[in-house]
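The following report introduces a structure to a reader who has not seen it before. Please consult the display alongside the text.

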Amino acid sequence: MITLGVTGGIGSGKTTVCQMLDDLGARVFYADEVAKSIMREDADARALIRDTFGSTSYDEQGQLNRSYLAAQVFSDPDKLEKLNAIVHPLVFDAFEEAKEQARADDVELLVHEAALLFEAGADAHVDHTVVVAAPSELRIARVVNRDETTEQAVRDRMQHQLPQDELCERADFVIQNNADREALKAQVVDLHKRLTTEVAA
């Protein structure tokens, strides 16, 4: 089995690429969704988050106060590092479990999708990495349309991710997503073929 880390800046289309890989038979582990689930449901993580960021981290019904927590961490790199130190190791544990299950199910390609693949050190947990790249103005337009937000808000979020050029330098593969869906699919099919051929070899 081959494991592939997929990342890219906000609005790059990494989720679309993962959906295409899924259609081709890969299994996809969505790290960001797993992280959200951990913050909502893992008792140890909840206790650490409450101790670190205060009781306001969860509301009276015990639901994660995402807006409060986001305001805490995005304005303070030290607090963001503390939150990541709580959540990322648990995400890695969940991925190791996903690997074991995928092997048991004879999955050829297991994909680890994460917005902060390199920043979190998740690249050390996969065989190969691919970055989905797109022009910044196109990425901004996509997110403004998708999230009904402002251009400035998107630019602010982009500041918390590695620059696209650096991501591309660090990745084993780069997929260009310039709004041509057929061209994107062709690149995904080619990458899938290369990696599953590696499994067969």
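Which residue in β5 stands opposite valine 131? Valine 131 faces valine 174 there. This is a predicted model, in which local features need pLDDT of at least 70 and side-chain atom pairs count only at pLDDT 80 or more, while totals for chains, interfaces and linings use all residues. Residues are numbered from 1 along each chain as its sequence is written, and side-chain values use heavy atoms, with hydrogens and water left out.

**The sheet.** An open sheet is formed by five strands, ordered β2-β3-β1-β4-β5, with parallel pairing. Its edge strands, β2 (27-30) and β5 (173-176), each pair on one side only. From one strand to the next, the twist averages 25°. Strand β4 (residues 128-133) is joined to β5 by four bridges. Strands count as paired if DSSP finds at least two bridges between them; helices (H or I, at least four residues) and strands (E, at least two) are DSSP runs, numbered from the N terminus.

**The helices.** Two helices lie across strands of this sheet, in contact with them (heavy atoms within 4.5 Å). Angles run from 0 to 180 degrees between N-to-C directions, with axes fitted to C-alpha atoms, for helices over the stretch in contact.

| Helix | Strands crossed | Angle to β2 |
|---|---|---|
| α2 (residues 31-41) | β2 and β3 (109-113) | about 45° |
| α5 (residues 77-104) | β1 (2-7), β2 and β3 | about 170° |

**The cysteines.** The count of disulfides (cysteine sulfur atoms within 2.5 Å) is zero. For cysteine 18, the nearest cysteine sulfur, that of cysteine 168, is 16 Å away. Cysteine 18 counts as buried (under 20% relative accessible area, 1.4 Å probe, protein chains only) because its relative accessibility is 0%. Cysteine 168, at 23%, counts as partly exposed (between 20% and the 50% above which a residue is exposed).
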